[in-house]
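Reader: Could you take me on a close look at the place where the two chains meet? I would love one connected walk through that contact and what lies on either side.

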Amino acid sequence: MREQPVNQISEKGLKVWRLYGIIETGFLLLGAIGAGVLSYIFEGPWWIYAVTPVLVIIFAYFFIYLFPKLRWMRWRYEVRESEIELQHGIFIVKRTLIPMVRVQHVDTAQGPILRKYNLAEITISTAATNHTIPALVMEEADELRSRISALARVAEEDV
Amino acid sequence: MSETRYKLHWITAIIEVLKTAKEAILPIIVLVFANGLNDVGSGKWYLDYLSFIIFGVLIIAFFITGIIKWKRFEYWFEDNELRIEYGLFVKKKRYIPFDRIQSLDYTEGILHRPFKLVKVKVETAGSSSSKKSEAELTAITKEAASRIEMEIAQAKSGKKAILQENEVLTEIIQAVEEPLRKSVFTMSSKGLLILATTSGGIGIIFSGVGIFLSQFAEMIPFEWMYEEISGFIKFGLLIVAVVVFLGFVLVWGISVAMTFLAYYGFNVSLEKEDIVITRGLLEKKRMTVPLNRVQSVRIIENPIRQLFGYAAVAIDSAGGGGAEGAKINLFPLVKKADIYGPLKEIFPELILEEPTGKLPARGKRFFYRIDFLWMIPAIGAMTYFFFPYGLLSLLIVPVIVLFGLWQHRSVAYGISGNQLTMRFRNISLQTAFLMKNRIQSMEMKQSYFHKRKNVATIATNIKSGLSTFSAQVPHMEELEADQLLSWYEKNARI
């Protein structure tokens, strides 16, 4: 059996995903409150008051607690001399192999939330596909980017 | 430095006008109808005829812009670059280095024919935008086209002979025009007929009709039509059926005719390092695909054609093509037994073995089990709402299961040296031949249920134009999937 890739992404990534989950839940909560108010005004069926909070709680459990945790546990990557290997996916585990010779360019990107936690995501592009490693510590991402680009340069080749 | 600036042929102006007119025709018709039919005379002539005046002004404007565009367009050769200057209001310049030019594709439309002109599309290695091609010369003479070709060939071979005399020029043009060209594949008229009659173009035409109708939906007097139709139905269902059938036949006929015109005289030939494809009756097209840009070769067998022993061969090219990929029909229709000869001639290094790796029987369930997710609610709803007859929807279960089993049986894969062969079925059976050095990335996917049964899905990604073609071997033996990954990992460079 193949070994799992060795590196895990930053633990702060888990926090960021939880934060995303909280934001999404917030929006859902707003929708639920809206539905409640509407049903109060227009005298909608009583069960709306029962169903919406349950929905919000279930959603919160999955998207704030369970999925980020599973996702974080699953996410692994490894940059070797001649290839990059990724593993991710909650329900379907995907293991991707990208040979260094196919790498065309590497990007790092950082949104406002990631910046707050000093994180960055790194995107590896081949001629046909893009692969993103989310939530790496900024320094690590920068180091990885220059390492990949150095390794990829050694293996220059036309498409 | 020969910096003669060349212009396009004047017919460009007319083509340009027609193109703009074609794009603007629907809005114009709507405008004319909406305006011209509603008003019942307001006393002032220019208001009554407003739509016609607008129409006239627009046509004149199209003409003027067409002519200006043509006048402004210039191209020349300088510093090993093809330089183009164009633009209606803003003057734009585009310099394309000869080294970056992958191929020139020629199209001869009806308007080009009488003047011996061609439309030239310049395809480059990696055009970053999703536009069709880097540059387009709408109409130039064939001599001018071969002059471009010659300039490029010269620049590429590194020879920089300065040519001033025309005699030398024509000599070289002739030399360029008759290189070692070898015809590899020609479609017989019988093949053409079968292709046309079994083409999937029918769907496209239907959707085209749909779009056309939706454009006019507001103008069609539906109420009047309903009255007419209710009278019509009294005539008897038979007549309705006949009319519908005739409609189908008509649509099908159009599709046959269009395929026939598009693929008439289909020929594939080899020219040094390029594959040259020519086709078309009214509009002759010539397409060049450099051999080293070919990313994959695929044999596609649609079930109906498979029944009669026919198949199609397509290739994916890295250059050209739009955002939807650059799948090129190499052999649109060919007897399965006749594929291997010509294909071997074009791609000598291709190993055309039947893939032997099959799927394990325990993976069968994955081909249809997931479909129950939508089937059960759908059947439930049908049964609930249309009680007795809704039960008939249960019949879909064996259909889906059998289809899944069919897919399971079709899948095959094999490795021979640096080549991976993958065969899979959506509806058509596809056999993709992929070279290791063309596979951009490989992925193994495994769900929880997969893991329990020790199976996995392998997906390989190939560059096709600006997008990706992904070939999958679904639900295969886990260990074998692992081996495929290791095969890919080892010496990806070769």
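Author: Happy to! In this predicted model, A:Val93 stands opposite B:Gln446, a residue of strand S18 of chain B. That pair is a good way in, as the strands around it run across the chain boundary: strand S4 of chain A, residues 92–99, is joined to S18(B) by six bridges, and the two strands run antiparallel.

Now widen the view to the whole contact between the chains. Chain A puts 21 residues into it, and chain B puts in 20. On the chain B side, three elements give two or more residues each: strand S18 (439–447), strand S19 (455–464) and helix H16 (478–489). The largest share comes from S18(B), with eight residues. Sorted by class, this side of chain B holds eight nonpolar residues, alongside six polar and six charged ones.

Where does this sit in the domain layout? Chain B is assigned four domains: domain 1 (6–177), domain 2 (189–263), domain 3, which is made of 267–359 and 411–489, and domain 4 (361–407). Within chain B, domain 2 and domain 3 also touch, with seven residues from domain 2 and nine residues from domain 3. On the domain 2 side, helix H6 (189–197) and helix H9 (237–263) of chain B each supply at least two residues. That side of domain 2 has five nonpolar residues and two polar ones, with no charged residues.

Back across the boundary, chain A is divided into domain 1 (7–73) and domain 2 (77–154). Taken over C-alpha atoms, the centres of these two domains of chain A are 30 Å apart. Their contact draws eleven residues from domain 1 of chain A and twelve residues from domain 2 of chain A. Two helices of chain A, H1 (11–41) and H2 (47–74), each provide at least two residues of the domain 1 side. H1(A) gives the most there, with five residues. By class, the domain 1 side of this contact in chain A has five nonpolar, three polar and three charged residues.

To return to your starting point, then: the antiparallel pairing of S4 of chain A with S18(B) rests on six bridges, and S18(B) is also the element with the largest share of the chain B side, eight residues.

Methods:
Residues are numbered from 1 along each chain as its sequence is written. Chains are lettered from A and ligands numbered from 1 in the order in which they are written. This is a predicted model: local features need pLDDT of at least 70, side-chain atom pairs count only at pLDDT 80 or more; totals for chains, interfaces and linings use all residues. Domain bounds come from an automatic or database domain assignment. Two residues are in contact if their C-beta atoms, placed from the backbone, lie within 7 Å. Helices (H or I, at least four residues) and strands (E, at least two) are DSSP runs, numbered from the N terminus. Ala, Val, Leu, Ile, Met, Phe, Trp, Tyr, Cys and Pro count as nonpolar, Asp, Glu, Lys and Arg as charged, and the others, Gly among them, as polar. Two strands pair if DSSP finds at least two bridges between them.
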